[in-house]
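Grab a pencil and work through these exercises with the model in view. Try each task before you read its solution.

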Amino acid sequence: DWNAISQRRAQWWSFQPIERPEVPVVEEVSHPVDRFVRARLSEEGLSPSPQADARTLHRRISLSLIGLPPTQEESAQFLEAWSSDPDKALTSLVDELLTDIRFAEKWARHWMDWFRYADSHGSEGDPTIPHSWQYRDYLIRALHVDVPYDQLVLEHLAGDLLEEPRINADLQLNESALGPGHMRMVFHGFAPTDALDERVRFTDDQINTVTKAFQGLTVSCARCHDHKFDAISQADYYAMYGILTASLPATVAVDAPGVLESNRDELASLKPEIRSALADFWIDSISDTSDQWKVTDGEEASVNVVRFLLRLQSAGSVEATWKATKGRLGK
């Protein structure tokens with residue numbers, strides 16, 4: 001019975017709500033994280049490693065946070081600060097590295113690995129993915145300004161649908177609308193012989209990537225059957241499939257509100273000017289002796305007149321163009 005199996009599997013620890021555990025009591029250390037580490041070391045009969053010196057500590061922190069070792073100048077500055085106040089020097093170092101753009105670049109790289117970021121689709125033709133760099137830069141900016149994790153997940157799944165998107169005033173961008181860009185980075189054949197099969201394949205890839213990245217689960221296993229190990233049914237898979245396959249790859253505008261509108265207003269004001277100038281040009285270019293007035297058949301004459309009026313109508317008001325040409329058209 002799948003319901004019974006699913007309920008039993010749902011009791012696995014990773015499916016349980018997050019709880020705040022009781023912090024072990026350890027005399028030697030004060031920080032809660034250190035207490036957990038020290039308590040487990042004691043259970044295993046292990047002793048902590050020796051205290052690192054200031055230079056080693058600086059190097060470890062720098063490599064951990066930004067992926068780069070400190071320069072000689074940075075090391076000298078840290079050692080000088082450490083000599084007068086170690087705690088303050090350490091706190092200042094961590095705060096400085098967390099606000100460094102290199103911190104965002106390092107961790108955005110790991111995030112992009114989860115979502116298999118690429119500039120092209122691969123396959124035999126290796127077609128490019130339009131504007132893929134926009135997603136990369138969006139992710140770096142998001143980590144740099146410390147966008148909350150739940151907001152980042154929301155933008156990745158439905159950033160183009162948010163009623164109150166996150167706007168970047170400096171770049172005039174709708175940041176939230178860039179979040180779903182990772183959905184475009186899917187398996188993609190160069191010239192598929194079966195378009196439906198290709199669409200099924202890249203929708204399955206979207207499900208596989210999103211669930212592995214956000215849930216650590218191989219949900220795509222449930223494409224053909226209820227999951228053999230986790231509490232995921234085939235119905236769950238196709239519920240998600242229905243949502244993702246209803247969204248087609250597209251290039252969308254990600255400008256901040258007001259940007260496109262200002263362009264539309266300018267174009268709307270230019271349109272009648274262009275129409276009027278074009279109509280004037282057409283009318284002035286036609287003389288009374290023009291060959292297009294010389295017709296030998298009444299039916300042909302009617303067709304030519306209708307065609308001419310339709311061309312003038314596309315340039316402006318029918319009434320205005322008729323007044324300008326009625327003398328030449330005669331009956």
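Helices (H or I, at least four residues) and strands (E, at least two) are DSSP runs, numbered from the N terminus. This is a predicted model, where local features need pLDDT of at least 70 and side-chain atom pairs count only at pLDDT 80 or more, while totals for chains, interfaces and linings use all residues. Residues are numbered from 1 along each chain as its sequence is written, and side-chain values use heavy atoms, with hydrogens and water left out.

**Exercise 1. The whole chain**

Task: Work out how many helices and strands the chain has, and what share of its residues counts as buried.

Solution:
- Step one: the secondary structure comes to 14 helices and two strands.
- Step two: we need cut-offs, so take buried as under 20% relative accessible area, exposed as over 50%, and partly exposed as in between (1.4 Å probe, protein chains only). Of the 331 residues of the chain, 29% count as buried.
- Step three: look at contacts, meaning heavy atoms within 4.5 Å. Among the chain's contacts with a separation of 6 or more, 54% are between residues 24 or more positions apart.

**Exercise 2. Helix H5, inside and out**

Task: Find which residues of H5 are buried and which exposed residues its opposite face carries.

Solution:
- Step one: H5 covers residues 86-98, 13 residues in total. From first C-alpha to last, H5 reaches 18 Å, close to the 18 Å expected at 1.5 Å a residue; the expected span is 1.5 Å times one less than the number of residues.
- Step two: the buried ones are Ala 89, Leu 93 and Leu 97. Looking down the axis of H5, these buried residues fall within an arc of 55 degrees, so they line one face of the helix. (The arc is that of the directions from the helix axis to the C-beta atoms.)
- Step three: the face of H5 turned away from the buried side has Asp 87 and Lys 88, both exposed.
- Step four: what do the buried residues of H5 pack against? They pack against helix H3 (54-66), helix H4 (72-84) and helix H6 (101-114).

**Exercise 3. Two pockets**

Task: Describe the largest pocket and the second largest pocket by volume and lining.

Solution:
- Step one: get the idea. Rolling a probe the size of a water molecule over the atoms shows where empty space is left. On a 1 Å grid over the protein atoms alone, a pocket is an open set of points where a 1.4 Å probe fits, with protein on both sides within 12 Å along at least five of seven lines; lining residues have an atom within 4 Å of a point. Grid points are joined across faces, edges and corners, and a volume is the space filled by probe spheres set on the points.
- Step two: the largest pocket holds about 910 Å³. Its lining has 32 residues, with Pro 180, Gly 181, Met 183, Ala 250 and Val 252 nearest the centre.
- Step three: sort that lining by class. Ala, Val, Leu, Ile, Met, Phe, Trp, Tyr, Cys and Pro count as nonpolar, Asp, Glu, Lys and Arg as charged, and the others, Gly among them, as polar. For the largest pocket this gives 22 nonpolar, eight polar and two charged residues.
- Step four: the second largest pocket has a volume of about 510 Å³. Of its 19 lining residues, Val 29, Asp 34, Arg 38, Ser 49 and Gln 51 are closest to the centre. Helix H2 (32-43), H3 and H5 each give two or more residues to this lining, and H2 gives the most, with four.
- Step five: by class, the lining of the second largest pocket has 10 nonpolar, four polar and five charged residues.

**Exercise 4. Individual residues**

Task: Place Glu 198, Gly 122 and Asp 146, and say whether each is buried, partly exposed or exposed.

Solution:
- Step one: Glu 198 sits in helix H10 (residues 195-215) and is buried, with a relative accessible area of 8%. Leaving aside neighbours within four places in sequence, Glu 198 contacts Phe 187, His 188, Gly 189 and Pro 192.
- Step two: Gly 122 is in the loop between H6 and H7 and is partly exposed, at 24% relative accessible area. The C-alpha atoms of Gly 122 and Gly 189 are separated by 7.9 Å, though these residues are 67 residues apart along the chain.
- Step three: Asp 146 lies in the loop between H7 and H8 and is exposed, at 63%. Its phi is positive, about 60 degrees, although Asp 146 is not a glycine.
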